[in-house]
Amino acid sequence: MSELQTHAAEIAAQFSDHLDVSEAEVEEKLDNLVTQYKVPIDEARRSVTNSYLNEAGLDREEISAGGTEEVLVNDIEEDEQWVDITAKVVDLWEPGSEAISQVGLLGDESGTIKFVSFSTSELPLLEEGSVYRLGNVVTDEYQGRYSVKLNRTTTITELEEDIEVGDNAIEVEGAMVDIQSGSGLIKRCPEEGCTRVLQNGRCSEHGNVDGEFDLRIKAVLDDGTAVHEVIFNRERTEELTGIELKEAKSMAMDALDTSIVADEMRGALLGRYYRITGPTLSRYVLADEFERLGAPTDHEETLIKARSI
């Protein structure tokens with residue numbers, strides 16, 4: 001079975017209870033986008049799926065990707081993936097919106113992950129300290145961190161067992177030798193549940209949108225033996241640089257250029273040594289805590305020195 005046929009079969013299965021749609025019809029739509037318009041297969045799949053969602057009058061949370069598998073929370077590395085997890089409710093906190101029924105932290109032996117349950121899903125409340133098997137939850141990504149969303153198709157089974165929750169944090173240190181593109185003042189998609197960074201004002205999921213400003217840093221640390229890519233979210237970026245979001249927007253407005261914010265950060269941070277602690281996600285370390293080590297140096301000299309150790 002070709003890749004197109006696999007995607008077509010999965011999409012047709014998603015809508016089998018809602019629409020009279022065949023695998024051949026879906027494959028034709030995908031092939032038209034990929035072959036004629038040179039659309040990447042993942043984007044073509046999203047486009048075709050969205051068209052069927054509109055036709056059926058459904059929200060994305062009302063359909064399953066089918067064939068969900070049980071995973072450990074630290075193995076989640078893909079956005080919009082449908083999975084099953086068995087985890088302990090480690091912490092619960094007050095939701096920041098009436099649209100959210102519960103928000104908190106789930107954990108298993110591999111580590112922890114944030115979860116959100118929406119009010120419209122009308123699911124039973126989870127209890128802190130209890131262990132559940134959660135079937136058919138959806139993964140979500142924000143600032144390089146993954147979470148899971150409980151939806152109206154999620155099944156919840158409380159288990160009479162305990163789980164020793166693991167710690168998936170690591171510690172790295174080294175010289176900050178680069179701040180990558182996509183750092184500084186960025187814009188994210190404002191659609192509910194979507195936090196994708198916009199490229200030229202466009203979200204890969206929702207098209208052209210008026211984005212919402214955010215701050216982040218994608219940095220590279222060199223310890224002399226290996227390089228580590230680190231992501232700082234808005235809170236950590238403000239703490240690291242002393243530049244808050246309001247000030248960053250004002251700087252960009254005065255200069256008529258958002259890139260001035262990243263340039264300012266490069267001038268302040270490159271050449272310094274840091275110790276950073278946080279969980280890993282794919283090739284990134286997500287900065288939960290950081291510590292400055294020593295005085296700033298010329299970052300080009302620092303890079304040469306670090307690699308000579």
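Guide: Welcome! A crossing of two helices is called right-handed if the near helix is turned clockwise from the far one by less than a right angle. Keep in mind that this is a predicted model.

Visitor: Okay, so what handedness does the crossing of helix 1 and helix 3 have?

Guide: Helix 1 passes helix 3 in a right-handed crossing.

Visitor: Which residues make that contact?

Guide: From helix 1 come Glu3, Leu4, His7, Glu10, Ile11 and Gln14. Helix 3 brings Ile41, Arg45, Val48, Thr49 and Tyr52. Sorted by class, the contact of helix 1 with helix 3 has five nonpolar, three polar and three charged residues.

Visitor: And at what angle do the axes of those two helices cross?

Guide: Roughly 25°, with the axes of helix 1 (residues 3–14) and helix 3 (residues 41–56) coming within 11 Å. Angles under 35 degrees count as roughly parallel, so helix 1 is roughly parallel to helix 3.

Visitor: Switching topic: how do helix 1 and helix 2 cross?

Guide: Their axes come within 8 Å and cross at roughly 130°, helix 2 being residues 23–36. Helix 1 and helix 2 are therefore oblique to each other. This crossing of helix 1 and helix 2 is right-handed.

Visitor: Which residues make the contact there?

Guide: On helix 1 they are Leu4, Gln5, His7, Ala8, Ala9, Ile11 and Ala12. On helix 2 you can look for Glu23, Val26, Glu27, Leu30, Asp31 and Val34.

Visitor: How many of those are nonpolar, polar or charged?

Guide: The contact of helix 1 with helix 2 has eight nonpolar, two polar and three charged residues.

Definitions and conventions:
Residues numbered from 1 in each chain as written. Predicted model: local features only at pLDDT ≥ 70, side-chain atom pairs only at ≥ 80, totals over all residues. Heavy atoms only, no water. Axes fitted to C-alpha atoms, helices over the stretch in contact; angles between N-to-C directions. Helix = DSSP H or I, 4+ residues; strand = E, 2+ residues; numbered from the N terminus. Parallel < 35°, antiparallel > 145°, perpendicular 65-115°, else oblique. Contact = heavy atoms within 4.5 Å. Nonpolar A, V, L, I, M, F, W, Y, C, P; charged D, E, K, R; others polar.
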